[in-house]
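Visitor: Before we begin, I would like to hear the reasoning behind each label you use, and not the label alone.
Guide: Then let us take the labels one by one, with the structure in view.

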Amino acid sequence: MMNLCPAKIFMTFALLSAFVPRTVGQQRTAEQIFRARTGPGLKISIEMKRGDLVRSVPPDTTFVDGDKVKIHFTTNFDGYVYALNETPSGRTLVLFPSANSGTQNLVSAGIEFTIPATEGWFRFAGDPGVEKVVIIASAHPLHEIESHD
(Lines give C-alpha, C1' and ligand atoms only; values in the text may rest on other atoms or scores of the structure.)
Protein backbone atom coordinates (compact mmCIF):
# COMPACT_ATOMS: atom_id res chain seq x y z
CA MET A 1 0.00 0.00 0.00
CA MET A 2 1.41 3.39 -0.97
CA ASN A 3 0.94 6.35 1.37
CA LEU A 4 -0.21 9.83 0.38
CA CYS A 5 -0.40 12.80 2.76
CA PRO A 6 -3.85 13.72 4.13
CA ALA A 7 -5.45 16.82 2.57
CA LYS A 8 -6.52 17.73 -0.90
CA ILE A 9 -5.42 15.71 -3.88
CA PHE A 10 -5.45 17.47 -7.21
CA MET A 11 -5.84 15.32 -10.29
CA THR A 12 -4.17 16.57 -13.44
CA PHE A 13 -4.79 14.71 -16.64
CA ALA A 14 -2.44 14.79 -19.60
CA LEU A 15 -3.04 13.28 -22.98
CA LEU A 16 0.02 12.95 -25.15
CA SER A 17 -1.13 12.66 -28.73
CA ALA A 18 -1.66 14.73 -31.85
CA PHE A 19 -3.69 17.93 -31.55
CA VAL A 20 -7.14 17.51 -33.07
CA PRO A 21 -8.56 20.78 -34.50
CA ARG A 22 -12.18 21.73 -33.82
CA THR A 23 -14.45 23.17 -36.48
CA VAL A 24 -15.31 26.82 -35.75
CA GLY A 25 -18.72 27.17 -34.10
CA GLN A 26 -18.96 23.48 -33.26
CA GLN A 27 -19.43 22.95 -29.52
CA ARG A 28 -18.96 19.40 -28.28
CA THR A 29 -18.90 17.99 -24.80
CA ALA A 30 -15.98 16.01 -23.45
CA GLU A 31 -18.22 12.91 -23.41
CA GLN A 32 -19.04 13.36 -27.12
CA ILE A 33 -15.37 13.69 -28.04
CA PHE A 34 -14.51 10.66 -25.91
CA ARG A 35 -17.19 8.48 -27.49
CA ALA A 36 -16.56 9.67 -31.06
CA ARG A 37 -12.81 9.08 -30.71
CA THR A 38 -12.17 12.30 -32.64
CA GLY A 39 -9.51 13.16 -30.11
CA PRO A 40 -7.61 11.36 -27.39
CA GLY A 41 -9.74 10.88 -24.30
CA LEU A 42 -9.30 9.76 -20.70
CA LYS A 43 -12.21 9.33 -18.25
CA ILE A 44 -11.25 9.17 -14.59
CA SER A 45 -13.09 8.56 -11.33
CA ILE A 46 -11.86 8.30 -7.76
CA GLU A 47 -13.09 5.67 -5.32
CA MET A 48 -12.56 6.44 -1.63
CA LYS A 49 -12.73 4.09 1.32
CA ARG A 50 -13.22 5.77 4.70
CA GLY A 51 -13.71 3.19 7.40
CA ASP A 52 -16.23 0.68 6.01
CA LEU A 53 -17.79 3.17 3.55
CA VAL A 54 -16.66 3.00 -0.09
CA ARG A 55 -17.92 5.66 -2.53
CA SER A 56 -17.03 7.68 -5.60
CA VAL A 57 -15.73 11.18 -4.80
CA PRO A 58 -14.83 14.29 -6.81
CA PRO A 59 -11.14 15.19 -7.34
CA ASP A 60 -11.36 18.19 -4.96
CA THR A 61 -12.30 16.01 -1.98
CA THR A 62 -10.38 16.73 1.23
CA PHE A 63 -8.98 13.44 2.48
CA VAL A 64 -8.05 12.65 6.07
CA ASP A 65 -5.48 10.38 7.67
CA GLY A 66 -6.42 6.76 6.99
CA ASP A 67 -8.54 7.41 3.87
CA LYS A 68 -7.82 5.05 1.01
CA VAL A 69 -8.30 5.68 -2.71
CA LYS A 70 -8.33 3.86 -6.02
CA ILE A 71 -8.27 5.61 -9.38
CA HIS A 72 -10.43 4.19 -12.17
CA PHE A 73 -9.90 5.25 -15.77
CA THR A 74 -10.80 4.41 -19.34
CA THR A 75 -9.09 5.68 -22.48
CA ASN A 76 -10.62 5.93 -25.92
CA PHE A 77 -7.39 4.76 -27.56
CA ASP A 78 -4.88 1.96 -27.04
CA GLY A 79 -1.82 3.21 -25.20
CA TYR A 80 0.09 3.52 -21.97
CA VAL A 81 -0.98 5.13 -18.71
CA TYR A 82 1.23 6.59 -15.97
CA ALA A 83 0.43 8.17 -12.60
CA LEU A 84 2.85 10.56 -10.90
CA ASN A 85 2.49 12.01 -7.40
CA GLU A 86 3.88 15.39 -6.39
CA THR A 87 4.15 15.35 -2.60
CA PRO A 88 3.64 18.39 -0.35
CA SER A 89 7.44 18.66 -0.11
CA GLY A 90 7.70 18.92 -3.92
CA ARG A 91 9.10 15.44 -4.49
CA THR A 92 7.76 13.59 -7.56
CA LEU A 93 7.10 9.87 -7.27
CA VAL A 94 5.95 7.37 -9.86
CA LEU A 95 2.73 5.86 -8.48
CA PHE A 96 2.06 3.74 -11.55
CA PRO A 97 3.52 1.62 -12.99
CA SER A 98 5.45 0.34 -9.98
CA ALA A 99 6.06 -2.86 -8.07
CA ASN A 100 3.53 -1.77 -5.40
CA SER A 101 0.70 -0.61 -7.68
CA GLY A 102 1.12 -2.91 -10.68
CA THR A 103 3.49 -2.93 -13.61
CA GLN A 104 1.15 -3.50 -16.57
CA ASN A 105 0.36 -0.02 -17.92
CA LEU A 106 -0.56 -0.98 -21.50
CA VAL A 107 -4.29 -0.25 -21.82
CA SER A 108 -6.92 -0.91 -24.47
CA ALA A 109 -9.55 1.55 -25.64
CA GLY A 110 -12.87 1.29 -23.81
CA ILE A 111 -11.64 -1.03 -21.05
CA GLU A 112 -11.85 0.27 -17.46
CA PHE A 113 -8.58 -0.01 -15.57
CA THR A 114 -7.91 0.58 -11.86
CA ILE A 115 -4.81 1.68 -10.01
CA PRO A 116 -3.43 0.39 -7.90
CA ALA A 117 -3.85 -2.61 -10.19
CA THR A 118 -3.04 -4.83 -7.23
CA GLU A 119 -5.51 -5.69 -4.45
CA GLY A 120 -4.39 -2.68 -2.41
CA TRP A 121 -5.33 0.98 -2.10
CA PHE A 122 -3.38 4.23 -1.94
CA ARG A 123 -3.61 5.33 1.71
CA PHE A 124 -3.37 8.85 3.11
CA ALA A 125 -0.96 9.00 6.05
CA GLY A 126 1.59 11.37 7.54
CA ASP A 127 1.72 15.15 7.58
CA PRO A 128 -1.15 17.04 5.92
CA GLY A 129 -0.50 18.89 2.68
CA VAL A 130 -1.53 19.26 -0.93
CA GLU A 131 -0.98 16.21 -3.12
CA LYS A 132 -0.94 16.45 -6.89
CA VAL A 133 -1.53 13.34 -8.96
CA VAL A 134 -0.82 13.58 -12.67
CA ILE A 135 -2.34 10.92 -14.91
CA ILE A 136 -0.66 10.66 -18.31
CA ALA A 137 -2.08 8.67 -21.22
CA SER A 138 0.17 8.25 -24.23
CA ALA A 139 -0.06 6.32 -27.48
CA HIS A 140 3.60 5.35 -27.00
CA PRO A 141 5.60 4.17 -23.98
CA LEU A 142 7.37 6.93 -22.03
CA HIS A 143 10.67 5.28 -21.21
CA GLU A 144 11.89 8.19 -19.07
CA ILE A 145 9.02 7.51 -16.64
CA GLU A 146 9.32 3.72 -16.83
CA SER A 147 13.02 3.85 -15.94
CA HIS A 148 12.48 6.26 -13.03
CA ASP A 149 12.92 4.70 -9.58
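**Labels and their reasons**

Guide: In this predicted model, the largest nonpolar core has 21 residues, and the members that touch the most others are Phe63, Val69, Phe73, Ile115 and Ile135. At least two residues of this core come from each of the strands E3 (42–50), E6 (68–75), E7 (79–86), E8 (92–96), E10 (113–115), E11 (122–124) and E12 (131–138). A second core, separate from that one, has 6 residues, among them Tyr82, Ile136, Leu142 and Ile145.

Visitor: What makes the contact between Asp67 and Arg50 a salt bridge?
Guide: The label requires a side-chain nitrogen of Lys or Arg within 4 Å of a carboxyl oxygen of Asp or Glu; the side chains of Asp67 and Arg50 meet at 2.6 Å, N to O, so the pair qualifies as a salt bridge. A search of the whole structure finds 1 salt bridge.

Visitor: Why is this pair said to tie together parts of the chain?
Guide: Asp67 belongs to the loop between strand E5 (62–63) and E6, while Arg50 belongs to strand E3, so the parts that the pair ties together are 17 residues apart in sequence.

Visitor: How do you know whether Asp67 is buried or exposed, and what is Arg50 called on the same scale?
Guide: Buried means under 20% relative accessible area, and Asp67 has 1%, so Asp67 is buried. Partly exposed covers the range between 20% and 50%, and Arg50, at 33% relative accessibility, therefore counts as partly exposed.

Visitor: Why is the pair of Phe63 and Phe124 called what it is, stacked or tilted?
Guide: Ring centres must lie within 6.5 Å for a pair, and planes under 30 degrees apart count as stacked; for Phe63 and Phe124 the centres are 4.6 Å apart and the planes differ by 10°, so the pair is stacked. Phe63 lies in strand E5 and Phe124 in strand E11, so this pair ties together parts that are 61 residues apart in sequence. Both Phe63 and Phe124 are buried.

Visitor: And what makes the pair of Phe73 and Phe113 tilted?
Guide: The centres of Phe73 and Phe113 are 5.4 Å apart, with 50° between the planes; that angle is neither under 30 degrees, as stacked would require, nor over 60, as edge-to-face would require, so the label is tilted. With Phe73 in strand E6 and Phe113 in strand E10, the parts tied together are 40 residues apart in sequence, which is why the pair links separate stretches. Phe73 and Phe113 are both buried, and ring pairs link Phe73, Phe96 and Phe113 into a cluster.

Visitor: How do you know that the charge of Lys70 sits over the ring of Trp121?
Guide: The distance must be within 6 Å of the ring centre, and the charge must also lie within 35 degrees of the ring normal. The charged end of Lys70 is 4.7 Å from the centre of the Trp121 ring, and it is listed as sitting over that ring.

Visitor: What makes E12 mostly covered, and how is E12 joined to E7?
Guide: In E12, 6 of its 8 residues are buried. E7 and E12 run antiparallel and are joined by 7 bridges; pairing needs at least two, so the two strands count as paired. Tyr80, for instance, has Ser138 in E12 as its bridge partner.

Visitor: Which peptide bond involving Pro97 is called cis, and what is its omega?
Guide: The bond joining Phe96 and Pro97 is cis, with omega about 0°, and Pro97 is placed in the loop between E8 and strand E9 (106–107).

Technical notes:
Residues are numbered from 1 along each chain as its sequence is written. This is a predicted model: local features need pLDDT of at least 70, side-chain atom pairs count only at pLDDT 80 or more; totals for chains, interfaces and linings use all residues. Side-chain values use heavy atoms; hydrogens and water are left out. A nonpolar core is a set of buried Ala, Val, Leu, Ile, Met, Phe, Trp, Tyr and Cys residues joined through side-chain atoms within 4.5 Å. Buried means under 20% relative accessible area, exposed over 50%, partly exposed in between (1.4 Å probe, protein chains only). Helices (H or I, at least four residues) and strands (E, at least two) are DSSP runs, numbered from the N terminus. Rings of Phe, Tyr and Trp (its six-membered ring) pair if their centres lie within 6.5 Å; planes under 30 degrees apart count as stacked, over 60 as edge-to-face and the rest as tilted.
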